[in-house]
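Me: I'm new to this one. Can we walk through it together?

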Amino acid sequence: MRAPGDLARRSRTEDIVMHLRVRRGVTAIADHLRAVARPLGLCLLGLAACVDATGGPPTGATCPPDGTTLTYDSFGAPFMATYCTRCHATTLRGADRQGAPLYHDFDYYGGVMAVARHIDEWTGAGPDATNTQMPPDEPAPSLEERQQLAEWLACELANR
Ligand code: HEC
């Protein structure tokens with residue numbers, strides 16, 4: 001005959017086993033989400049190892065006294081098209097943005113200038129900082145291109 005206490009103890013043990021099983025299941029799901037999300041660059045429920053969530057410091061780049069030869073047509077637009085608009089574009093929705101935030105669209109001049117300082121802090125290079133958080137993967141701009149980006153943005157901002 002089993003004492004009443006045994007039964008109580010057993011169900012407590014079963015509870016703990018169940019609980020562990022559930023927890024293991026949740027962990028497995030989280031691992032799975034992470035594995036799926038990482039290559040896509042997605043941030044799912046804060047579980048994924050996302051792109052570094054903060055930008056760097058301002059580069060300190062300034063517009064040269066004589067101005068710059070870089071223009072939107074000669075530099076800004078092709079730079080964005082080469083390195084940024086496969087994620088940051090008005091034409092991309094949902095998963096096609098690969099996690100790029102809404103309202104950060106760099107396929108038109110106004111979209112770039114709306115967040116010009118952010119772009120400097122995530123992608124630019126200058127006397128105070130070299131910021132390489134963006135783009136998160138290849139192809140990535142050279143150091144010289146990052147310096148040109150920061151200079152071009154500084155001149156555009158100075159001329160507003
Ligand atoms: C492969 C896709 C991809 C490419 C290419 C890409 N980005 Fe991003 N971008 C992201 C993702 C994902 C985030 C969100 C990162 C985060 O918040 O942790 C992001 C965030 C940013 C932010 C910060 C937005 C904010 O919240 O302040 C800026 C600025 C930015 N990107 C600029 C650029 C620039 C400039 C380029 C091109 C040089 C670029 N990105 C290329 C995916 C991309």
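Me: Where is Pro135 found?
Reply: Keep in mind that we're looking at a predicted model. Pro135 is one of the residues closest to the ligand, and the peptide bond leading to it from Met134 is cis, with omega near -5 degrees. As for its place, Pro135 sits in the loop between helix 4 and helix 5.

Me: Which peptide bond has an omega of about 0 degrees?
Reply: Look at Pro139, which lies in the loop between helix 4 and helix 5. The bond there is cis, and it joins Glu138 and Pro139.

Me: Which helix gives the largest share of the shell around the ligand?
Reply: The shell has 23 residues, and they divide into 14 nonpolar, 7 polar and 2 charged. The largest share is 4 residues, and it comes from helix 4.

Me: Is helix 4 roughly parallel or antiparallel to helix 5?
Reply: Their axes come within 10 Å and cross at roughly 160 degrees. Angles over 145 degrees count as roughly antiparallel, so helix 4 is, relative to helix 5, roughly antiparallel.

Me: Is Tyr103 buried or exposed?
Reply: Tyr103 lies in the loop between helix 2 and helix 3, and has a positive phi of about 65 degrees although it isn't a glycine. A residue with 12 or fewer other C-beta atoms within 10 Å counts as exposed. Tyr103 has 9 such neighbours, so it is exposed.

Technical notes: Residues are numbered from 1 along each chain as its sequence is written. This is a predicted model: local features need pLDDT of at least 70, side-chain atom pairs count only at pLDDT 80 or more; totals for chains, interfaces and linings use all residues. A residue is near a molecule or strand if its C-beta atom, placed from the backbone, lies within 6 Å of it. Helices (H or I, at least four residues) and strands (E, at least two) are DSSP runs, numbered from the N terminus. Ala, Val, Leu, Ile, Met, Phe, Trp, Tyr, Cys and Pro count as nonpolar, Asp, Glu, Lys and Arg as charged, and the others, Gly among them, as polar. Axes are lines fitted to C-alpha atoms, for helices over the stretch in contact, and angles run from 0 to 180 degrees between N-to-C directions. Angles under 35 degrees count as roughly parallel, over 145 as roughly antiparallel, 65 to 115 as roughly perpendicular and the rest as oblique. A residue is buried if 20 or more other C-beta atoms lie within 10 Å of its own, exposed if 12 or fewer, and partly exposed in between; C-beta atoms are placed from the backbone.
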